[in-house]
Amino acid sequence: RIMQTMELTIKDKVYSFKAGIGFMTKANKTQFMVNEGIRVDVGLQLMVGGIMDGDVLALRDALVLMADGNPKATESIINGYLEDESTDIDALFEQVIDFFKTSNCTKKTVHKLEEEKAKREGKNQ
């Protein structure tokens, strides 16, 4: 079974996106924190959390890092797609989160973030 990909049609071209080990590695390297003198890469968690919270830049960064295949969606193609008034941005956020929920490499991160969010929202009531 081949790794699952997500496809987006942008200006009549189909682009594919993968949430695999390569994506995770690149995403994790985008942000880090130091915990007791040890560097901990937390980019993936922050990126997925940002997307769950509706952060368009986090969404853009994830799409850029997941871009795979030929033709490959460049940052400028993705920026244009996100800025296009005809793009249903809410549906795109949902599509990416759903994709992360099904990908072997990202589903645990999404599950953990959803649990943390539910706990926070439970305390705020």
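Two strands count as paired if DSSP finds at least two bridges between them. With that criterion in hand, the tour of this predicted model can start at the sheet.

**The sheet**

Select strand S1 (5-10) and strand S2 (residues 13-18). These two strands pair in the antiparallel sense, and 6 bridges join them. Within the pairing, Glu 7 faces Ser 16 of S2, and Leu 8 stands opposite Tyr 15, also in S2.

Add strand S5 (67-68) to the selection. S2 and S5 are likewise antiparallel, with 2 bridges between them. Ser 16 should now be picked again: besides standing opposite Glu 7, Ser 16 stands opposite Asp 68 in S5. The result is an open sheet of 3 strands in the order S1-S2-S5, with antiparallel pairing. S1 and S5 are at the edges and each has a single partner strand, so one side of each is left without a neighbour in the sheet.

**The turn and the cis peptide bond**

Move to the connection between S1 and S2, which form a hairpin with 2 residues between them. Lys 11, in the turn, has a positive phi of about 50°. Asp 12 lies in the loop between S1 and S2, and its phi is near 65°, a positive value in a residue other than glycine. As background, most residues other than glycine have a negative phi, and most peptide bonds are trans.

The second half of that background applies at the next stop. Select Asn 70 and Pro 71, which are joined by a cis peptide bond with omega of about 5°. Pro 71 belongs to the loop between S5 and H4.

**A helix across the sheet**

Following that loop, display helix H4 (residues 75-83), which lies across S1 and S2. The direction of H4 is at about 70° to S1.

**Two contacts of helix H2**

Next, select helix H2 (residues 43-52) together with helix H6 (residues 107-123). Their axes are 10 Å apart and the packing angle is about 60°, which makes H2 oblique to H6. H2 passes H6 in a right-handed crossing. To view the contact, show the side chains of Leu 44, Gln 45, Val 48, Gly 49 and Met 52 in H2, which meet residues of H6 including Thr 109, Val 110, Leu 113 and Lys 117. The residues of this contact divide into 5 nonpolar, 3 polar and 4 charged.

Keep H2 selected and replace H6 with helix H3 (residues 56-66). The axes of H2 and H3 come within 8 Å and cross at roughly 125°, which makes H2 oblique to H3. This crossing is left-handed. On the H2 side, pick Met 47, Gly 50 and Ile 51; in H3 they meet Ala 58, Leu 59, Asp 61, Ala 62 and Leu 65. Here the contact residues divide into 6 nonpolar, 1 polar and 1 charged.

**An aromatic pair**

The last stop concerns ring pairs, for which the centres must lie within 6.5 Å. The count comes to 2 aromatic pairs. One of them is formed by Phe 23 and Phe 100, whose ring centres are 5.7 Å apart with the planes at 20°, so the pair is stacked. Phe 23 is in helix H1 (residues 21-28) and Phe 100 is in helix H5 (residues 89-102), so the pair ties together parts that are 77 residues apart in sequence.

Methods:
Residues are numbered from 1 along each chain as its sequence is written. This is a predicted model: local features need pLDDT of at least 70, side-chain atom pairs count only at pLDDT 80 or more; totals for chains, interfaces and linings use all residues. Side-chain values use heavy atoms; hydrogens and water are left out. Helices (H or I, at least four residues) and strands (E, at least two) are DSSP runs, numbered from the N terminus. Contact means heavy atoms within 4.5 Å. Axes are lines fitted to C-alpha atoms, for helices over the stretch in contact, and angles run from 0 to 180 degrees between N-to-C directions. Angles under 35 degrees count as roughly parallel, over 145 as roughly antiparallel, 65 to 115 as roughly perpendicular and the rest as oblique. A crossing is left-handed if the near helix is turned anticlockwise from the far one by less than a right angle, and right-handed if clockwise. Ala, Val, Leu, Ile, Met, Phe, Trp, Tyr, Cys and Pro count as nonpolar, Asp, Glu, Lys and Arg as charged, and the others, Gly among them, as polar. Rings of Phe, Tyr and Trp (its six-membered ring) pair if their centres lie within 6.5 Å; planes under 30 degrees apart count as stacked, over 60 as edge-to-face and the rest as tilted.
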